[in-house]
Amino acid sequence: ASPEEASYRAVKYKLDVKNGIIQPKQAKTKHSVYSLYKEYMDNRFHSGEISECTYYTRQQEMKRLEKEEWALKPIKEVTRKQVEDFLAKEREKGLSNSSLKKDFSIIKTAFEIAVERTYIPLTQNYFLGRYGVKKPKSIVKDKKVKSLELEEQMKFLDYLYHSDIVHRDLLILSMNTGVRIGELLALKLEDIHLDENYFWIR
């Protein structure tokens, strides 16, 4: 862009922010809910406590918080109302109980870390005690998972053994071991021991 265009864009951006048309990008402040939980997950990953698959799943879950201004400012400035309003908003979106539990856990963990490191006093951990912030219940009913009957399993396996569909081997392995697809996809070569007929799920 020419100097004139760059100048025009800068002035337009400032006016748009002033008039509330766009929100300025918030820096991820040190000791924010977002940064504390990210550091926690980074440490767990680098120490080998969690797998690469779990680590990237948690990063995806954090993206909902990354969009929240309050989650990026110092945790000591975060109010209980902001936390409760966020959880209520996520509930109204129709998120599942599983997703709401993850959001709740991320924020709760960040506050626990902040107390441990004395970034905030114990009294500012909004999740403590009988009257602490509670995990919201989804407005969407949980779907009951129905497992296959033994006869259905045998038919499905027979179909898999005689087909050439994509991911056939993964499905057969999952059916015969009970291991989840996500866990199978996270396997690395060093986790598989063909000579001893076993593989290691992290």
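**Figure 1. The whole chain, helix by helix.** Helices here are DSSP runs of H or I at least four residues long, strands are E runs of at least two, and both are numbered from the N terminus. On that count, the protein chain of this predicted model has nine helices and two strands. Walk along the sequence and you get α-α-α-α-α-α-α-α-α-β-β, with the strands coming after the helices. Of the 202 residues, 29% count as buried. Take contacts between residues at least 6 apart in sequence, and 55% of them join residues at least 24 apart.

**Figure 2. Where the predictor is sure, and where it isn't so sure.** Mean pLDDT for the protein chain comes out at 86, with 88% of residues at 70 or more. The low spot is helix α1 (residues 3–18), with a mean of 68. Confidence peaks in helix α5 (residues 80–92), at 95.

**Figure 3. Helix α2 against helix α6.** Two packed helices are described by the angle between their axes and the distance between the axes. For α2 (residues 33–46) and α6 (residues 97–116), the axes come within 9 Å and cross at roughly 90 degrees. That crossing makes α2 roughly perpendicular to α6. On the α2 side, Val33, Leu36, Tyr37 and Tyr40 make the contact; α6 brings Ile106, Ile107, Thr109, Ala110, Phe111, Ile113 and Ala114. Sorted by class, that is 10 nonpolar residues, one polar and no charged ones.

**Figure 4. Helix α2 against helix α3.** Here the axes sit 10 Å apart, at an angle of about 175 degrees. So α2 runs roughly antiparallel to α3. From α2, the residues in the contact are Val33, Tyr34, Tyr37, Lys38, Met41, Asp42 and Phe45. They meet Glu52, Tyr55, Arg58, Met62, Leu65 and Glu66 of α3. The class tally for this contact is eight nonpolar, no polar and five charged residues. Val33 and Tyr37 are worth finding in both views: they take part in the contact with α6 and in the one with α3.

**Figure 5. A tyrosine pair within α2.** A search of the whole structure turns up seven aromatic pairs. One of them joins tyrosine 37 and tyrosine 40, with ring centres 5.8 Å apart and 50 degrees between the planes, a tilted arrangement. Both tyrosines lie in helix α2, three residues apart, or about one turn of the helix. Tyrosine 37 has a relative accessible area of 5%, so it counts as buried. Tyrosine 40, at 31%, is partly exposed.

**Figure 6. Phenylalanines 111 and 127, and the cluster they belong to.** The ring centres of phenylalanine 111 and phenylalanine 127 are 5.7 Å apart with their planes at 55 degrees, so this pair is tilted. The pair links distant parts of the chain, 16 residues apart: phenylalanine 111 sits in helix α6, and phenylalanine 127 in the loop between α6 and α7 (150–161). Phenylalanine 111 is buried, with a relative accessible area of 0%. Phenylalanine 127 is buried too, at 8%. Widen the view and Phe104, Phe111, Tyr126 and Phe127 form one aromatic cluster. Phe111 also belongs to the α2 contact of α6.

**Figure 7. Glutamate 61, tucked away in α3.** Look for glutamate 61 in helix α3 (residues 52–66). Despite its charged class, glutamate 61 is buried, with a relative accessible area of 8%. Leaving out residues up to four places away in sequence, glutamate 61 touches Lys102, Asp103 and Ile106. Ile106 turns up in Figure 3 as well, on the α6 side of the contact with α2.

Terms used:
Residues are numbered from 1 along each chain as its sequence is written. This is a predicted model: local features need pLDDT of at least 70, side-chain atom pairs count only at pLDDT 80 or more; totals for chains, interfaces and linings use all residues. Side-chain values use heavy atoms; hydrogens and water are left out. Axes are lines fitted to C-alpha atoms, for helices over the stretch in contact, and angles run from 0 to 180 degrees between N-to-C directions. Angles under 35 degrees count as roughly parallel, over 145 as roughly antiparallel, 65 to 115 as roughly perpendicular and the rest as oblique. Contact means heavy atoms within 4.5 Å. Rings of Phe, Tyr and Trp (its six-membered ring) pair if their centres lie within 6.5 Å; planes under 30 degrees apart count as stacked, over 60 as edge-to-face and the rest as tilted. Buried means under 20% relative accessible area, exposed over 50%, partly exposed in between (1.4 Å probe, protein chains only). pLDDT is the predictor's confidence in each residue, from 0 to 100.
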